[in-house]
Amino acid sequence: MSDETIYSNLKQLGGATVMPQSPDQAELERVQNPQADVLYNVRFTAPEFTSLCPMTGQPDFAHLVIDYVPGDWLVESKSLKLFLGSFRNHGAFHEDCTVSIGRRLVDFLDPKWLRIGGYWYPRGGIPIDVFWQTGAIPEGVWIPDQGVPPYRGRG
(Lines give C-alpha, C1' and ligand atoms only; values in the text may rest on other atoms or scores of the structure.)
Protein backbone atom coordinates (compact mmCIF):
# COMPACT_ATOMS: atom_id res chain seq x y z
CA MET A 1 0.00 0.00 0.00
CA SER A 2 1.35 3.42 -0.98
CA ASP A 3 1.57 6.47 1.28
CA GLU A 4 0.82 8.61 -1.79
CA THR A 5 -2.28 10.83 -1.43
CA ILE A 6 -3.70 13.85 -3.26
CA TYR A 7 -1.76 15.93 -0.68
CA SER A 8 1.65 14.33 -1.18
CA ASN A 9 2.97 16.98 -3.58
CA LEU A 10 2.28 19.97 -1.33
CA LYS A 11 5.47 21.79 -0.33
CA GLN A 12 4.27 24.72 1.77
CA LEU A 13 1.64 23.23 4.08
CA GLY A 14 2.82 21.94 7.46
CA GLY A 15 6.16 23.68 7.50
CA ALA A 16 7.83 27.05 7.85
CA THR A 17 7.48 29.30 4.84
CA VAL A 18 8.75 32.71 3.82
CA MET A 19 6.47 35.39 2.38
CA PRO A 20 7.23 35.71 -1.35
CA GLN A 21 8.62 39.11 -2.34
CA SER A 22 6.26 39.47 -5.32
CA PRO A 23 3.24 37.78 -6.87
CA ASP A 24 5.51 36.45 -9.64
CA GLN A 25 7.62 34.63 -7.03
CA ALA A 26 4.60 33.21 -5.18
CA GLU A 27 3.97 29.52 -5.79
CA LEU A 28 0.33 28.49 -5.87
CA GLU A 29 -0.33 24.84 -5.04
CA ARG A 30 -3.33 22.70 -5.85
CA VAL A 31 -4.81 19.35 -4.95
CA GLN A 32 -7.08 17.07 -6.87
CA ASN A 33 -10.75 17.79 -6.14
CA PRO A 34 -12.19 14.66 -4.48
CA GLN A 35 -15.73 15.98 -5.18
CA ALA A 36 -15.18 16.86 -8.84
CA ASP A 37 -18.46 15.20 -9.83
CA VAL A 38 -20.45 17.78 -7.82
CA LEU A 39 -21.00 21.47 -8.60
CA TYR A 40 -20.33 23.57 -5.50
CA ASN A 41 -18.94 26.97 -4.58
CA VAL A 42 -15.77 27.68 -2.59
CA ARG A 43 -15.35 31.14 -1.05
CA PHE A 44 -12.17 32.77 0.20
CA THR A 45 -12.40 36.10 2.00
CA ALA A 46 -9.34 38.27 2.57
CA PRO A 47 -10.57 41.26 4.62
CA GLU A 48 -7.08 42.72 5.12
CA PHE A 49 -5.55 42.52 1.63
CA THR A 50 -2.69 44.99 1.15
CA SER A 51 -0.79 46.19 -1.91
CA LEU A 52 1.24 49.29 -2.77
CA CYS A 53 0.33 52.28 -4.89
CA PRO A 54 2.69 52.07 -7.90
CA MET A 55 3.13 55.85 -7.93
CA THR A 56 3.58 56.77 -4.25
CA GLY A 57 4.56 53.46 -2.65
CA GLN A 58 1.89 54.02 0.01
CA PRO A 59 -0.19 51.03 1.11
CA ASP A 60 -3.64 50.36 -0.30
CA PHE A 61 -6.13 48.12 1.51
CA ALA A 62 -8.99 45.98 0.26
CA HIS A 63 -11.52 43.40 1.31
CA LEU A 64 -11.31 40.63 -1.33
CA VAL A 65 -13.94 37.96 -1.86
CA ILE A 66 -13.10 35.09 -4.23
CA ASP A 67 -15.78 32.58 -5.23
CA TYR A 68 -15.05 29.63 -7.50
CA VAL A 69 -16.75 26.47 -8.69
CA PRO A 70 -13.90 23.96 -8.87
CA GLY A 71 -13.32 21.52 -11.65
CA ASP A 72 -10.56 18.96 -11.19
CA TRP A 73 -8.47 21.14 -8.85
CA LEU A 74 -8.71 22.93 -5.50
CA VAL A 75 -6.29 25.69 -4.52
CA GLU A 76 -4.38 24.89 -1.34
CA SER A 77 -5.31 27.68 1.07
CA LYS A 78 -1.86 28.32 2.60
CA SER A 79 -0.38 28.84 -0.85
CA LEU A 80 -3.25 31.23 -1.65
CA LYS A 81 -2.59 33.11 1.59
CA LEU A 82 1.11 33.46 0.69
CA PHE A 83 0.22 34.54 -2.87
CA LEU A 84 -2.16 37.23 -1.59
CA GLY A 85 0.40 38.31 1.02
CA SER A 86 3.03 38.78 -1.68
CA PHE A 87 1.12 41.84 -2.91
CA ARG A 88 2.27 43.73 0.22
CA ASN A 89 5.48 44.53 -1.65
CA HIS A 90 3.86 44.91 -5.07
CA GLY A 91 2.95 48.20 -6.70
CA ALA A 92 -0.14 48.07 -8.93
CA PHE A 93 -3.44 49.86 -9.27
CA HIS A 94 -6.54 48.37 -7.66
CA GLU A 95 -7.94 47.16 -10.97
CA ASP A 96 -4.71 45.38 -11.92
CA CYS A 97 -4.36 43.67 -8.53
CA THR A 98 -7.95 42.43 -8.47
CA VAL A 99 -8.13 41.16 -12.05
CA SER A 100 -4.61 39.67 -12.05
CA ILE A 101 -5.44 37.60 -8.93
CA GLY A 102 -8.56 36.25 -10.62
CA ARG A 103 -6.80 35.50 -13.89
CA ARG A 104 -3.88 33.74 -12.18
CA LEU A 105 -6.28 31.49 -10.27
CA VAL A 106 -8.22 30.70 -13.45
CA ASP A 107 -5.04 29.88 -15.36
CA PHE A 108 -3.80 27.67 -12.51
CA LEU A 109 -7.01 25.86 -11.52
CA ASP A 110 -9.16 25.85 -14.68
CA PRO A 111 -12.32 26.15 -12.54
CA LYS A 112 -15.80 25.83 -13.96
CA TRP A 113 -16.40 29.44 -12.84
CA LEU A 114 -14.65 32.12 -10.79
CA ARG A 115 -15.43 35.64 -9.63
CA ILE A 116 -13.50 38.10 -7.52
CA GLY A 117 -14.75 41.22 -5.81
CA GLY A 118 -12.14 43.74 -4.75
CA TYR A 119 -13.67 46.22 -2.30
CA TRP A 120 -10.95 48.84 -1.90
CA TYR A 121 -10.88 51.24 1.02
CA PRO A 122 -10.87 54.93 0.08
CA ARG A 123 -7.75 56.91 -0.68
CA GLY A 124 -8.33 60.53 -1.48
CA GLY A 125 -11.94 60.08 -0.40
CA ILE A 126 -12.88 57.61 -3.18
CA PRO A 127 -13.41 53.89 -2.60
CA ILE A 128 -12.86 51.76 -5.70
CA ASP A 129 -14.66 48.45 -6.14
CA VAL A 130 -13.45 46.08 -8.86
CA PHE A 131 -15.41 43.01 -10.01
CA TRP A 132 -14.37 40.29 -12.47
CA GLN A 133 -15.76 36.89 -13.34
CA THR A 134 -15.20 34.26 -16.00
CA GLY A 135 -18.77 34.07 -17.32
CA ALA A 136 -22.23 32.98 -16.32
CA ILE A 137 -22.72 31.16 -13.02
CA PRO A 138 -23.11 27.41 -13.65
CA GLU A 139 -26.76 26.40 -13.39
CA GLY A 140 -27.78 24.87 -10.08
CA VAL A 141 -24.89 26.25 -7.99
CA TRP A 142 -25.70 28.35 -4.94
CA ILE A 143 -23.58 31.50 -5.04
CA PRO A 144 -24.40 33.71 -2.04
CA ASP A 145 -24.12 37.47 -2.22
CA GLN A 146 -20.59 38.56 -1.34
CA GLY A 147 -21.97 40.37 1.69
CA VAL A 148 -19.96 43.57 1.37
CA PRO A 149 -22.29 46.58 1.49
CA PRO A 150 -21.82 49.67 -0.67
CA TYR A 151 -19.27 51.96 0.92
CA ARG A 152 -20.36 53.63 4.17
CA GLY A 153 -17.24 52.64 6.02
CA ARG A 154 -15.90 49.14 5.45
CA GLY A 155 -16.16 46.65 8.21
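Which residues does UniProt list for "active site"? I found Cys53 and Asp60 there, in an unreviewed entry. I kept in mind that I am looking at a predicted model.

**Cys53**

I looked for cysteine 53 first and found it in the loop between strand E2 (42–52) and strand E3 (59–69). Is it buried or exposed? Cysteine 53 has a relative accessible area of 11%, and I call a residue buried under 20%, so this one counts as buried. Setting aside neighbours within four places in sequence, I noted its contacts: Gln58, Asp60, Gly91 and Arg123.

**Asp60**

Next I went to aspartate 60, which sits in strand E3. Aspartate 60 is buried too, at a relative accessible area of 4%. Again without residues up to four places away in sequence, I listed what aspartate 60 touches: Phe49, Thr50, Ser51, Leu52, Cys53, His94, Trp120 and Arg123. I was pleased to meet Cys53 in that list, and Arg123 appears among the contacts of cysteine 53 as well.

**Helix H2**

His94 led me on to helix H2, which covers residues 94–109. I read off 16 residues and a reach of 23 Å from first C-alpha to last, close to the 22 Å expected. Which residues of H2 are buried? I found His94, Cys97, Thr98, Ile101, Gly102, Leu105 and Leu109. Looking down the axis, I saw these buried residues fall within an arc of 120 degrees, so they line one face of H2. A helix has 3.6 residues a turn, so residues three or four places apart point the same way. On the other side of H2, I noted Arg103 and Asp107 as exposed. Last entry: just after H2, aspartate 110 takes a positive phi of about 50 degrees.

Notes: Residues numbered from 1 in each chain as written. Predicted model: local features only at pLDDT ≥ 70, side-chain atom pairs only at ≥ 80, totals over all residues. Heavy atoms only, no water. UniProt positions renumbered as here; feature names shortened; annotations may be inferred. Helix = DSSP H or I, 4+ residues; strand = E, 2+ residues; numbered from the N terminus. Buried < 20%, exposed > 50% of the residue type's maximum accessible area, 1.4 Å probe, protein only. Contact = heavy atoms within 4.5 Å. Expected span 1.5 Å × (residues − 1). Arc of directions from axis to C-beta.
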